[in-house]
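Biologist: I've got this one open in front of me and I'd like a close look at a single part of it. Could you pick one spot, walk me through its surroundings, and then tell me how it sits in the bigger picture?

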Amino acid sequence: MKTKLLGLLAGIGICALPVQPAAAASISFSTSRSGFDDDGPLAASAAFTTSAGLLSVTITNGLSPIQIRDAGQTVSGLSFILSDAPGTLGTTSASGQLANIGDPGQAFIHNVPGDPVRWLGQGPPPPGGTGSFSIEGNTITMEAIGGGQPSQMIVSGVTTSSNASIQGGQFNPFVIGPATFTLALSGVTAATTITQATFSFGTGPDFSIPGFVPRPNRGCRSARPNRGLRCSSSLGATPSPARRLKVVQHIRRRAYKRAGLPPSARFCFRQRNG
(Lines give C-alpha, C1' and ligand atoms only; values in the text may rest on other atoms or scores of the structure.)
Protein backbone atom coordinates (compact mmCIF):
# COMPACT_ATOMS: atom_id res chain seq x y z
CA MET A 1 0.00 0.00 0.00
CA LYS A 2 2.84 2.38 0.90
CA THR A 3 4.59 1.60 -2.39
CA LYS A 4 1.42 2.30 -4.36
CA LEU A 5 0.89 5.63 -2.54
CA LEU A 6 4.44 6.79 -3.25
CA GLY A 7 4.02 5.86 -6.90
CA LEU A 8 0.75 7.82 -7.08
CA LEU A 9 2.34 10.90 -5.50
CA ALA A 10 5.27 10.69 -7.91
CA GLY A 11 2.86 10.56 -10.82
CA ILE A 12 1.00 13.59 -9.53
CA GLY A 13 4.29 15.47 -9.15
CA ILE A 14 5.28 14.72 -12.73
CA CYS A 15 1.92 15.85 -14.10
CA ALA A 16 2.10 19.08 -12.10
CA LEU A 17 5.34 20.20 -13.75
CA PRO A 18 4.57 23.13 -16.08
CA VAL A 19 5.57 23.02 -19.72
CA GLN A 20 8.45 25.47 -20.13
CA PRO A 21 8.11 27.82 -23.12
CA ALA A 22 10.98 28.41 -25.51
CA ALA A 23 13.41 30.96 -24.09
CA ALA A 24 12.79 34.52 -25.24
CA ALA A 25 13.57 38.02 -24.01
CA SER A 26 11.59 41.23 -24.45
CA ILE A 27 12.43 44.93 -24.21
CA SER A 28 10.54 48.06 -25.25
CA PHE A 29 11.63 51.56 -26.23
CA SER A 30 9.44 54.67 -26.37
CA THR A 31 9.81 58.29 -27.34
CA SER A 32 7.64 61.39 -27.34
CA ARG A 33 7.94 65.13 -27.96
CA SER A 34 5.28 67.77 -27.50
CA GLY A 35 5.30 71.09 -29.29
CA PHE A 36 8.29 69.90 -31.32
CA ASP A 37 7.12 71.56 -34.53
CA ASP A 38 4.08 73.11 -36.16
CA ASP A 39 3.13 69.59 -37.24
CA GLY A 40 2.21 68.74 -33.64
CA PRO A 41 3.38 66.24 -31.01
CA LEU A 42 5.29 63.05 -31.78
CA ALA A 43 5.15 59.68 -30.04
CA ALA A 44 6.12 56.10 -30.84
CA SER A 45 7.11 52.81 -29.23
CA ALA A 46 8.84 49.62 -30.33
CA ALA A 47 8.52 46.28 -28.53
CA PHE A 48 11.34 43.82 -29.28
CA THR A 49 11.41 40.08 -28.64
CA THR A 50 14.53 37.97 -29.21
CA SER A 51 14.86 34.19 -29.22
CA ALA A 52 17.11 31.62 -30.85
CA GLY A 53 17.67 32.83 -34.41
CA LEU A 54 14.69 35.20 -34.38
CA LEU A 55 13.97 38.88 -33.73
CA SER A 56 10.50 40.40 -33.71
CA VAL A 57 9.63 44.09 -33.37
CA THR A 58 6.21 45.73 -33.11
CA ILE A 59 6.10 49.45 -33.91
CA THR A 60 3.25 51.66 -32.69
CA ASN A 61 2.41 55.30 -33.27
CA GLY A 62 1.78 56.57 -29.74
CA LEU A 63 -0.53 59.44 -30.71
CA SER A 64 -4.29 59.16 -30.57
CA PRO A 65 -6.08 59.53 -33.92
CA ILE A 66 -7.35 63.00 -33.00
CA GLN A 67 -3.74 64.17 -32.40
CA ILE A 68 -2.56 63.18 -35.89
CA ARG A 69 -2.86 66.23 -38.11
CA ASP A 70 0.12 66.00 -40.46
CA ALA A 71 2.25 63.41 -42.27
CA GLY A 72 5.19 64.69 -40.22
CA GLN A 73 3.66 62.87 -37.23
CA THR A 74 3.67 59.46 -38.90
CA VAL A 75 6.29 56.90 -37.85
CA SER A 76 8.43 56.25 -40.91
CA GLY A 77 11.59 54.56 -39.63
CA LEU A 78 13.34 52.73 -36.82
CA SER A 79 17.04 52.16 -36.24
CA PHE A 80 18.28 49.95 -33.40
CA ILE A 81 21.48 48.36 -32.14
CA LEU A 82 21.79 44.74 -31.03
CA SER A 83 24.01 43.69 -28.14
CA ASP A 84 25.32 40.80 -30.30
CA ALA A 85 26.33 40.53 -33.94
CA PRO A 86 23.12 39.76 -35.88
CA GLY A 87 24.71 37.12 -38.08
CA THR A 88 23.18 36.06 -41.39
CA LEU A 89 19.74 37.34 -42.40
CA GLY A 90 17.24 34.66 -43.37
CA THR A 91 13.54 35.00 -44.04
CA THR A 92 11.66 38.17 -43.11
CA SER A 93 7.98 38.99 -42.71
CA ALA A 94 5.79 42.04 -42.15
CA SER A 95 2.22 42.41 -40.95
CA GLY A 96 -0.02 45.43 -40.43
CA GLN A 97 -3.24 46.86 -41.76
CA LEU A 98 -2.71 48.94 -44.90
CA ALA A 99 -5.33 51.58 -45.61
CA ASN A 100 -6.01 54.40 -48.04
CA ILE A 101 -7.16 57.61 -46.35
CA GLY A 102 -9.72 59.70 -48.23
CA ASP A 103 -10.38 63.31 -49.10
CA PRO A 104 -9.85 66.21 -46.68
CA GLY A 105 -12.76 66.68 -44.32
CA GLN A 106 -13.92 63.07 -44.66
CA ALA A 107 -11.29 61.06 -42.73
CA PHE A 108 -12.34 58.09 -44.88
CA ILE A 109 -10.30 54.94 -44.19
CA HIS A 110 -10.45 52.14 -46.74
CA ASN A 111 -8.51 49.00 -45.83
CA VAL A 112 -6.47 47.52 -48.68
CA PRO A 113 -4.72 44.14 -49.00
CA GLY A 114 -1.00 43.71 -48.55
CA ASP A 115 1.68 44.04 -45.90
CA PRO A 116 4.03 46.93 -44.99
CA VAL A 117 7.00 45.39 -46.83
CA ARG A 118 8.63 48.75 -47.56
CA TRP A 119 9.99 48.59 -44.00
CA LEU A 120 11.96 45.54 -45.16
CA GLY A 121 13.43 47.28 -48.20
CA GLN A 122 10.78 46.03 -50.60
CA GLY A 123 8.02 47.91 -52.33
CA PRO A 124 4.72 47.67 -54.17
CA PRO A 125 4.60 47.64 -57.99
CA PRO A 126 5.13 50.99 -59.77
CA PRO A 127 4.32 53.78 -59.23
CA GLY A 128 4.92 52.78 -55.62
CA GLY A 129 8.44 53.15 -54.24
CA THR A 130 10.69 50.98 -52.14
CA GLY A 131 11.65 51.39 -48.55
CA SER A 132 15.07 51.00 -46.99
CA PHE A 133 16.48 48.12 -44.97
CA SER A 134 20.11 47.70 -43.92
CA ILE A 135 22.33 45.85 -41.47
CA GLU A 136 25.63 47.55 -40.71
CA GLY A 137 27.61 45.97 -37.90
CA ASN A 138 25.14 45.54 -35.04
CA THR A 139 22.84 48.30 -36.31
CA ILE A 140 19.61 47.48 -38.14
CA THR A 141 17.71 50.24 -39.94
CA MET A 142 14.17 49.87 -41.25
CA GLU A 143 12.39 52.67 -43.12
CA ALA A 144 9.14 52.96 -45.02
CA ILE A 145 10.68 55.76 -47.09
CA GLY A 146 13.49 55.48 -49.61
CA GLY A 147 13.02 55.36 -53.34
CA GLY A 148 9.94 56.97 -54.84
CA GLN A 149 6.90 58.48 -53.17
CA PRO A 150 6.68 57.69 -49.42
CA SER A 151 3.96 55.33 -48.25
CA GLN A 152 3.24 52.69 -45.57
CA MET A 153 4.03 55.12 -42.74
CA ILE A 154 2.42 54.22 -39.41
CA VAL A 155 -0.51 56.07 -37.85
CA SER A 156 -2.94 55.07 -35.11
CA GLY A 157 -5.91 56.37 -37.11
CA VAL A 158 -7.16 59.74 -38.33
CA THR A 159 -10.01 62.18 -37.82
CA THR A 160 -11.32 65.14 -39.78
CA SER A 161 -8.75 67.33 -38.00
CA SER A 162 -5.92 65.91 -40.14
CA ASN A 163 -4.75 67.99 -43.08
CA ALA A 164 -4.23 67.27 -46.78
CA SER A 165 -0.85 65.60 -46.21
CA ILE A 166 -2.78 62.81 -44.48
CA GLN A 167 -6.07 62.88 -46.37
CA GLY A 168 -4.86 64.06 -49.76
CA GLY A 169 -3.98 60.56 -50.98
CA GLN A 170 -0.38 61.27 -52.04
CA PHE A 171 1.10 59.05 -49.29
CA ASN A 172 -1.39 56.19 -49.48
CA PRO A 173 -1.44 53.54 -48.24
CA PHE A 174 -0.72 54.21 -44.59
CA VAL A 175 -0.41 51.54 -41.91
CA ILE A 176 -3.14 51.72 -39.28
CA GLY A 177 -0.77 50.48 -36.62
CA PRO A 178 0.71 48.69 -34.97
CA ALA A 179 2.95 46.91 -37.47
CA THR A 180 5.03 43.83 -36.67
CA PHE A 181 8.22 42.69 -38.40
CA THR A 182 10.04 39.40 -37.91
CA LEU A 183 13.67 38.83 -38.91
CA ALA A 184 15.47 35.49 -38.93
CA LEU A 185 19.01 36.30 -37.77
CA SER A 186 21.49 33.51 -37.10
CA GLY A 187 23.42 35.44 -34.43
CA VAL A 188 20.41 36.34 -32.28
CA THR A 189 19.70 34.40 -29.08
CA ALA A 190 17.37 34.79 -26.12
CA ALA A 191 20.23 36.63 -24.39
CA THR A 192 20.43 39.24 -27.17
CA THR A 193 19.03 42.62 -26.20
CA ILE A 194 18.58 46.03 -27.80
CA THR A 195 20.99 48.66 -26.52
CA GLN A 196 19.68 51.68 -28.42
CA ALA A 197 16.74 52.65 -30.63
CA THR A 198 15.98 55.77 -32.69
CA PHE A 199 12.60 56.61 -34.23
CA SER A 200 12.07 58.57 -37.45
CA PHE A 201 8.96 60.59 -38.29
CA GLY A 202 7.64 62.09 -41.51
CA THR A 203 8.50 61.79 -45.18
CA GLY A 204 12.04 63.17 -45.04
CA PRO A 205 12.37 61.83 -42.45
CA ASP A 206 11.51 65.13 -40.83
CA PHE A 207 12.59 64.20 -37.30
CA SER A 208 14.74 61.48 -35.70
CA ILE A 209 14.40 61.07 -31.93
CA PRO A 210 16.19 58.62 -29.59
CA GLY A 211 14.03 56.19 -27.64
CA PHE A 212 14.31 55.22 -23.99
CA VAL A 213 13.36 52.18 -21.94
CA PRO A 214 10.37 53.14 -19.77
CA ARG A 215 10.75 52.34 -16.09
CA PRO A 216 7.75 51.29 -14.03
CA ASN A 217 6.05 54.10 -12.17
CA ARG A 218 5.64 53.00 -8.56
CA GLY A 219 4.66 56.44 -7.38
CA CYS A 220 6.14 58.18 -4.34
CA ARG A 221 6.51 56.81 -0.87
CA SER A 222 7.89 58.14 2.38
CA ALA A 223 11.61 57.40 2.58
CA ARG A 224 11.50 57.58 6.41
CA PRO A 225 8.81 58.82 8.74
CA ASN A 226 8.65 62.63 8.53
CA ARG A 227 11.69 62.80 6.26
CA GLY A 228 9.97 63.88 3.05
CA LEU A 229 9.07 61.95 -0.09
CA ARG A 230 11.10 59.78 -2.42
CA CYS A 231 10.06 58.67 -5.89
CA SER A 232 11.01 55.16 -6.97
CA SER A 233 11.22 56.17 -10.62
CA SER A 234 12.35 59.26 -12.49
CA LEU A 235 9.07 58.98 -14.37
CA GLY A 236 7.03 58.80 -11.18
CA ALA A 237 4.88 61.51 -9.68
CA THR A 238 6.73 64.60 -8.48
CA PRO A 239 5.56 66.30 -5.28
CA SER A 240 3.99 69.70 -5.91
CA PRO A 241 5.70 72.87 -4.57
CA ALA A 242 2.96 73.18 -1.95
CA ARG A 243 3.55 69.61 -0.80
CA ARG A 244 7.34 70.14 -0.63
CA LEU A 245 6.80 73.31 1.44
CA LYS A 246 4.59 71.42 3.90
CA VAL A 247 7.28 68.75 4.30
CA VAL A 248 9.98 71.37 4.93
CA GLN A 249 7.81 73.17 7.46
CA HIS A 250 7.08 69.91 9.26
CA ILE A 251 10.80 69.06 9.48
CA ARG A 252 11.55 72.56 10.80
CA ARG A 253 8.90 72.30 13.51
CA ARG A 254 10.38 69.01 14.69
CA ALA A 255 13.88 70.56 14.71
CA TYR A 256 12.65 73.55 16.71
CA LYS A 257 10.98 71.26 19.22
CA ARG A 258 14.11 69.11 19.65
CA ALA A 259 16.24 72.25 20.08
CA GLY A 260 13.85 73.62 22.69
CA LEU A 261 13.52 76.94 20.84
CA PRO A 262 10.62 79.20 21.90
CA PRO A 263 8.54 80.68 19.05
CA SER A 264 10.20 84.08 19.52
CA ALA A 265 13.64 82.61 18.75
CA ARG A 266 12.67 80.58 15.69
CA PHE A 267 12.92 83.44 13.19
CA CYS A 268 16.57 84.10 14.14
CA PHE A 269 17.27 80.38 13.94
CA ARG A 270 15.94 80.29 10.35
CA GLN A 271 17.96 83.36 9.42
CA ARG A 272 21.19 81.73 10.60
CA ASN A 273 20.52 78.17 9.44
CA GLY A 274 18.17 78.50 6.43
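Modeller: Quick ground rule before we zoom in: helices here are DSSP runs of H or I with at least four residues, strands are E runs of at least two, and both are numbered from the N terminus. Counted that way, the protein chain has four helices and 14 strands. Bear in mind that this is a predicted model.

The spot I'd pick is Q73. You'll find Q73 in the loop that runs between β3 (54-61) and β4 (75-82). Loop or not, its relative accessibility is 0%, so Q73 counts as buried; the cut-off for that is under 20%. For context, 34% of the 274 residues in the protein chain are buried.

What surrounds Q73? Leaving out residues up to four places away in sequence, Q73 touches D39, G40, P41, L42, N61, L63, Q67, I68 and F201. One of those neighbours, Q67, deserves a second look: the Q73 side chain reaches the backbone oxygen of Q67 at 3.1 Å. Zooming out to the whole protein chain, take the contacts with a separation of 6 or more: 62% of them are between residues 24 or more positions apart.

For contrast, swing over to A52, in the loop between β2 and β3. Here relative accessibility is 70%, so A52 counts as exposed. A52 still has contacts beyond four places away in sequence, namely V188, T189 and A190. Try A23 as well: A52 and A23 are 29 residues apart in sequence, with their C-alpha atoms 7.7 Å apart in space.

While you're in this region, have a look at the aromatics. The count comes to three aromatic pairs. In one of them, the ring centres of F29 and F48 are 6.1 Å apart and the planes sit at 85°, so this pair is edge-to-face. The pair ties together distant parts of the chain, with F29 in strand β1 (residues 24-33) and F48 in strand β2 (residues 42-51), 19 residues apart. F29 and F48 are both buried, and together with F80 they make up one aromatic cluster.

Last, the outside: the accessible surface of the protein chain comes to about 15000 Å², and carbon and sulfur atoms account for 57% of it.

Definitions and conventions: Residues are numbered from 1 along each chain as its sequence is written. This is a predicted model: local features need pLDDT of at least 70, side-chain atom pairs count only at pLDDT 80 or more; totals for chains, interfaces and linings use all residues. Side-chain values use heavy atoms; hydrogens and water are left out. Buried means under 20% relative accessible area, exposed over 50%, partly exposed in between (1.4 Å probe, protein chains only). A polar contact is a pair of N or O atoms within 3.5 Å; within protein, one must be able to donate a hydrogen and the other to accept it, and residues adjacent in sequence count only if both atoms are side-chain atoms. Contact means heavy atoms within 4.5 Å. Accessible areas come from the Shrake-Rupley method with a 1.4 Å probe; for residues, only the protein chains shown count as cover. Rings of Phe, Tyr and Trp (its six-membered ring) pair if their centres lie within 6.5 Å; planes under 30 degrees apart count as stacked, over 60 as edge-to-face and the rest as tilted.
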